Amino acid sequence: MIEARGLSKRYGDLLAVDDVSFVVQEGEVVGFLGPNGAGKTTTMRMLTGYLPPSDGTAVIGDADIFEQPIAARRAVGYLPETPPLYPEMDVQGFLRFVARLHDVPRREIRDAVDRALERCGLADVRRRVIGALSKGYRQRVGVAQAIVHAPPVLVLDEPTVGLDPIQIREIRGLIAELAAPRDGEPAHTVVLSTHILPEVEAICQRVILINRGRKVVDRPLAELTADGARLEDVFARATARDADAEEAEA
Amino acid sequence: MRHAGTIAGRELRSLFVSPVAYAVLTLWALLGAFFFLSTLVQFQEILLRMQQFQMFDQLRQMNLNDALIEPFFQTMWVFFLIGVPAVTMHLFTADKANRTEELLLTSPATIWDIVVGKYLAAAGFMVLMVALLGFFPGLLFAFGDPEVGKTWAGLLGMVLVALAYAAIGLFASSVTSNQIIAFFLALMLIVLFLLLSLIGDLGAASGFFGMGESVAGVMRWLATAEHFSRLTQGLVETRDLVYFAFIIGVFLLLTKASVESVRWR
């Protein structure tokens with residue numbers, strides 16, 4: 001469903017993402033791990049069409065992000081690190097706007113918005129102004145705007161950052177639910193970035209770990225933790241190995 | 001281009017939940033009323049003087065269009081200098097503050113859709129402002145007989161100049177993430193376009209900057225005032241319409257390039 005082929009992003013001299021390739025199958029939930037500044041957000045921005053890669057490309061569904069950018073963008077629901085919200089709009093009006101922007105046919109918009117409101121537990125606040133909502137609710141509106149056009153692919157950049165433990169559990173529950181197909185509703189393929197490891201253990205089937213712009217681990221979660229190893233150790237080893245190598249170089 | 005409509009609708013709705021729209025419209029209406037009355041009083045005084053001094057030839061040439069409506073439009077035009085940037089300053093800066101820029105740029109809408117959508121919203125507001133102003137000369141039709149065509153030409157001039165300034169303001173809001181900077185940048189660019197003819201005259205007369213007559217000519221052509229004045233005088237000429245279309249087009253293209261540059265930074 002998602003195929004990244006040698007994605008690279010250069011900012012001047014800095015190579016933020018270096019030749020990252022991976023494949024995500026339909027219905028899979030992949031945890032995108034890495035320390036802060038590893039290149040997670042940049043990679044996601046390339047997948048969603050916000051930033052063009054300096055090198056390499058990606059295919060979303062059947063659409064190449066360079067050759068059919070509109071089709072590729074249509075297939076993705078994206079929750080950036082800071083949810084993109086218009087504080088002066090009400091929840092319902094905002095979702096209606098996002099649905100229209102994402103080419104939901106006019107007469108399906110009402111249903112699409114209702115479904116997103118219901119799935120994200122926003123039905124009670126649908127007429128509230130977004131700016132007046134709590135942080136947890138705003139995060140949910142962020143998720144709702146990503147799923148309102150029922151995209152096959154969801155890209156979520158640190159969806160639980162800054163939330164309290166109960167809100168975190170709710171958002172995780174919501175993501176797990178989105179990945180599981182329900183009657184009549186499509187299963188989403190999810191790429192989720194985080195640096196909270198229990199989050200990955202709770203909802204992801206596979207882990208892609210990047211460090212300093214490079215992919216260092218890409219394995220199913222079950223395999224990684226098969227011999228009783230803790231994800232924390234895997235993470236520490238993978239990121240330390242790189243630091244050691246660098247020290248050796250120097 | 002369907003997305004442009006969606007974006008324009010959202011912008012307009014947001015504009016009308018913010019106090020800026022109401023503040024600008026209220027102030028605009030009050031200023032309009034004040035200057036309309038003061039121009040009217042002046043007009044009457046001139047008439048009175050002319051009668052006193054028995055200047056019947058001049059008196060015969062006095063008419064509502066040249067002596068009242070045109071000066072009124074010329075005065076109100078000055079307030080576009082701050083009114084238009086006040087309306088356009090948030091257009092792109094708000095999206096940067098809300099991070100909704102990311103939402104727009106990762107949606108199936110193209111950059112043209114976004115730029116044109118936001119411009120249409122601003123343009124709609126400008127038309128509303130000028131329509132509001134049209135009320136005052138409209139009053140004259142109830143009590144006098146101004147020329148219909150000339151009045152429309154003046155209103156057209158007001159709309160076109162506001163649309164041109166809106167394109168400049170849109171561009172200014174796309175190059176910065178700060179509303180205040182966007183406001184002053186728009187103001188500066190608008191003033192620059194006002195002063196261009198003076199700069200051209202000065203350059204040609206003094207030979208500064210090695211400026212020849214041809215460069216000065218281009219600068220004079222680029223200046224807004226002359227094109228606008230001809231319209232308020234009731235002269236609708238193609239060259240002036242081309243001028244406004246040119247300014248709007250250039251600034252929309254610049255805005256597109258500026259928004260696009262986010263991707264290539």
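## Salt bridges, surface patches and the helices of chain B

Glu28(A) has a relative accessible area of 13%, so this residue counts as buried. That is a good place to start a walk through this predicted model, since Glu28(A) has a charged partner: Arg206(A), with the closest N and O atoms of their salt bridge 2.8 Å apart. The two come from distant parts of the chain, 178 residues apart: Glu28(A) sits in the loop between strand 2 (14–24) and strand 3 (29–33) of chain A, while Arg206(A) belongs to strand 9 (residues 206–211) of chain A. Arg206(A) is buried too, with a relative accessible area of 10%.

### More salt bridges in chain A

Side chains of opposite charge can pair when their charged atoms come close. Over all chains, the count of salt bridges is 21. Here are three of them, with the separation of the closest N and O atoms.

| Salt bridge | Closest N and O atoms |
|---|---|
| Glu28(A) and Arg206(A) | 2.8 Å |
| Arg140(A) and Glu170(A) | 2.6 Å |
| Arg126(A) and Asp114(A) | 2.7 Å |

The Arg126(A) and Asp114(A) pair spans twelve residues, from the loop between helix 4 and helix 5 of chain A to helix 4 of chain A. Arg126(A) is partly exposed at 24% relative accessible area, and Asp114(A) is also partly exposed, with a relative accessibility of 29%.

What does the salt bridge of Arg140(A) with Glu170(A) tie together? Arg140(A) is in helix 5 of chain A and Glu170(A) in helix 6 (residues 165–179) of chain A, so the bridge joins parts that are 30 residues apart in sequence. Arg140(A) counts as buried because its relative accessibility is 16%, under the 20% cut-off. Glu170(A), in turn, has a relative accessible area of 39% and is partly exposed.

Salt bridges also form a network whose members come from both chains: Glu88(A), Arg10(B), Glu11(B), Asp95(B) and Lys118(B).

### Patches on the surface, and a buried threonine

A patch of positive charge on the surface brings together Arg96(A), Arg110(A), Arg127(A) and Arg13(B). One of its members, Arg127(A), is placed in the loop between helix 4 (109–119) and helix 5 (135–147) of chain A. Is Arg127(A) buried or exposed? Its relative accessibility is 64%, so Arg127(A) counts as exposed.

For a contrasting residue, turn to Thr42(A) in helix 1 (residues 40–47) of chain A. Thr42(A) counts as buried, with 12% relative accessibility. Beyond its neighbours within four places in sequence, Thr42(A) makes contact with Lys9(A), Tyr11(A), Ala16(A), Val17(A) and Leu51(A).

Chain B offers a nonpolar surface patch of about 330 Å², built from Leu192(B), Leu195(B), Leu198(B) and Ile199(B). Ile199(B) is part of helix 9 (residues 179–206) of chain B and is partly exposed, at 32% relative accessible area.

### Chain B as a whole

Chain B has twelve helices and zero strands. Its C-alpha trace extends over about 70 × 50 × 30 Å along the principal axes. Of the 265 residues in chain B, 51% are buried. When contacts between residues at least 6 apart in sequence are considered, 78% of those in chain B join residues at least 24 apart.

On the outside, chain B exposes about 12,300 Å², with carbon and sulfur atoms supplying 71% of that area. Its charged side chains are 15 positive and 17 negative, and the centres of these two sets are 9 Å apart.

Conventions. Residues numbered from 1 in each chain as written. Chains lettered and ligands numbered in written order. Predicted model: local features only at pLDDT ≥ 70, side-chain atom pairs only at ≥ 80, totals over all residues. Heavy atoms only, no water. Patch = residues over 30% accessible without salt bridge, like charges linked within 9 Å, V, L, I, M, F, W, Y side chains within 5 Å. Areas by Shrake-Rupley, 256 points an atom, 1.4 Å probe, with all protein chains shown as cover. Salt bridge = Lys/Arg side-chain N within 4 Å of Asp/Glu carboxyl O. Lys, Arg positive; Asp, Glu negative; His and termini not counted. Charge placed at Lys NZ, Arg CZ, Asp CG, Glu CD. Helix = DSSP H or I, 4+ residues; strand = E, 2+ residues; numbered from the N terminus. Buried < 20%, exposed > 50% of the residue type's maximum accessible area, 1.4 Å probe, protein only. Contact = heavy atoms within 4.5 Å.
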